[in-house]
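Work through the exercises below with the sequence and the 3D view open. Try each task before you read its solution.

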Amino acid sequence: MKISRRRFLQGAIILTQCRLSHATSAQTRVNNVAQIKELDIYENQIIFAEGYYFPEQESALFYRVVKTRAATPLQPHAIIINSRFHIVPQFKESISFKQLGLKMDGRTDETRRLREILRHKGNYFFNPGTLVVSDFIELNSDISIRGQDAASSVIEYRSEKNNWLFINGEKGNPQFINTEGYSGRGNYLFSNFTINLRGDLARGSRSAFIFGRSDNIKISHLNFINGKNSHRIECNSSRNVLIEHCTFADTLITDNKSHEEINIDFNTVKGFPAYGQWDGSSCQDVIIRHCRFENVQTGIACHSQAQTMHKNIY
């Protein structure tokens, strides 16, 4: 049977349209990221994850399927699906820890994955569950972590190591900041979750946040429990800090030294051994309000010196 040139071209156009519709097809919907591994996926496919327990708060989001190429590095928060493909989240307002692969089951040590996540700037929703870590977590700048509430979203430091939990710089690097003033990593918001430091396991001290040379920090509605010695929050040479509606409870004290839950300090090697450089600068514009201190040694204290007095501490 002969086919006219016109009919042949019409058929080619229809075939091309079919192929294009496959490449830009209507979104596929799944309940969670794990189900994507069960799909027959293709490059540029758009997949919508319904979310987990509170999708309206997680801002359940779209993922784009990307073909993995050896010479091309993965984008931030990419999740490998198989040997051929990975998916990249198409961000809305926030992304949840579970959507980024954390199990939050109270058993699995998720230190490595949480470190990978918080290497990137972003707004994160801390799902209900218990997130277990066994070592410190380095924070990038411009990070927001919001939990469901302090009773539901819990991070537990389950280890004998006497490290800090969160630190806003490269631990042990004396040349990490090579400029003066409040030029370290900053712009943080932490709210509505509990930090269980498990001081009963720690060989030495156990602290929650170590901020050095930072600017713009807000900590709200957090519970700090079971610390050990030292400080829960080290506010060192930082500016524009707000700590409000937090509870500090049940700190284990094992020596005769001074231990404050919130410590306001200036920037020296002795006072801040986490990383350098050290410029001797002080804190400025710090507000602490509506906080509770229960079964701790000292709530708030500071170290200062004549040439670097702290300013506007409320």
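**Exercise 1. Backbone outliers**

Task: Place Asn-187 in the chain, then state what its phi shows and how far it is covered.

Solution.
- Step 1. Asn-187 sits in the loop between β13 and β14 (188-196). The model is predicted.
- Step 2. Its phi is positive, about 65°, although Asn-187 is not a glycine.
- Step 3. The relative accessibility of Asn-187 is 37%. The cut-offs are under 20% for buried and over 50% for exposed, so 37% counts as partly exposed.

Task: Where does Arg-213 lie, and is it buried or exposed?

Solution.
- Step 1. Arg-213 belongs to the loop between β15 and β16.
- Step 2. Phi of Arg-213 is near 55°, again a positive value in a residue other than glycine.
- Step 3. Arg-213 has a relative accessible area of 1%, so it is buried.

Task: Which bond joins Gly-276 and Gln-277, and where does Gln-277 lie?

Solution.
- Step 1. The bond is a cis peptide bond, with omega about 5°.
- Step 2. Gln-277 is in the loop between β20 and β21 (284-289).

**Exercise 2. The parallel sheet**

Task: Give the strand order of the open sheet and identify its edge strands.

Solution.
- Step 1. The sheet has 6 strands, in the order β10-β13-β15-β17-β20-β23. Their pairing is parallel.
- Step 2. β10 and β23 (298-302) are the edge strands, since each pairs on one side only.

Task: Trace the residue pairs from β10 through β13 to β15.

Solution.
- Step 1. β10 (residues 137-138) pairs with β13 (residues 164-167) over 2 bridges, in the parallel sense.
- Step 2. The bridge partner of Glu-138 in β13 is Ile-167.
- Step 3. β13 also pairs with β15 (residues 207-212), parallel, over 3 bridges.
- Step 4. Ile-167 stands opposite Ile-210 in β15. Phe-166 stands opposite Phe-209 in β15.
- Step 5. In a regular strand, side chains alternate between the two faces of the sheet.

**Exercise 3. Salt bridges**

Task: How many salt bridges does the structure hold?

Solution. The structure holds 17 salt bridges. Side chains of opposite charge can pair when their charged atoms come close.

Task: Describe the pair Asp-105 and Arg-107.

Solution.
- Step 1. Their side chains meet in a salt bridge, 3.6 Å from N to O.
- Step 2. Asp-105 is partly exposed at 25% relative accessible area, whereas Arg-107 is exposed at 64%.

Task: Which parts of the chain does the salt bridge between Lys-121 and Asp-142 tie together?

Solution.
- Step 1. The N to O distance of this salt bridge is 3.5 Å.
- Step 2. Lys-121 is in the loop between α3 (111-117) and β8 (122-126), and Asp-142 is in the loop between β10 and β11 (143-147), so the pair ties together parts 21 residues apart in sequence.
- Step 3. Lys-121 is exposed, at 52%. Asp-142 is partly exposed, at 30% relative accessibility.

Task: Repeat the analysis for Lys-218 and Glu-244.

Solution.
- Step 1. The closest N and O atoms of this salt bridge are 3.8 Å apart.
- Step 2. Lys-218 lies in strand β16 (residues 215-225) and Glu-244 in strand β18 (residues 239-244), so the pair ties together parts 26 residues apart in sequence.
- Step 3. Lys-218 is partly exposed at 34% relative accessibility. Glu-244 is buried, with a relative accessible area of 8%.
- Step 4. Elsewhere, salt bridges that share partners join Glu-156, Arg-158, Arg-198 and Asp-200 into one network.

**Exercise 4. The interior**

Task: Which residues touch the most other members of the largest nonpolar core?

Solution.
- Step 1. This core has 44 residues, and Ile-195, Phe-209 and Ile-219 touch the most other members.
- Step 2. Leaving out residues up to four places away in sequence, the contacts of Ile-219 include Phe-190, Phe-209, Leu-242 and Glu-244.
- Step 3. A second, separate core has 12 residues, among them Val-33, Ile-36, Phe-85 and Ile-87.

Task: Is Glu-261 buried or exposed?

Solution.
- Step 1. Glu-261 is in strand β20 (residues 260-265).
- Step 2. At 0% relative accessibility, Glu-261 is buried.
- Step 3. Beyond four places away in sequence, Glu-261 touches residues including His-231, Arg-232, Phe-248 and Thr-298.

Note on methods:
Residues are numbered from 1 along each chain as its sequence is written. This is a predicted model: local features need pLDDT of at least 70, side-chain atom pairs count only at pLDDT 80 or more; totals for chains, interfaces and linings use all residues. Side-chain values use heavy atoms; hydrogens and water are left out. Two strands pair if DSSP finds at least two bridges between them. Helices (H or I, at least four residues) and strands (E, at least two) are DSSP runs, numbered from the N terminus. A salt bridge is a side-chain nitrogen of Lys or Arg within 4 Å of a carboxyl oxygen of Asp or Glu. Buried means under 20% relative accessible area, exposed over 50%, partly exposed in between (1.4 Å probe, protein chains only). A nonpolar core is a set of buried Ala, Val, Leu, Ile, Met, Phe, Trp, Tyr and Cys residues joined through side-chain atoms within 4.5 Å. Contact means heavy atoms within 4.5 Å.
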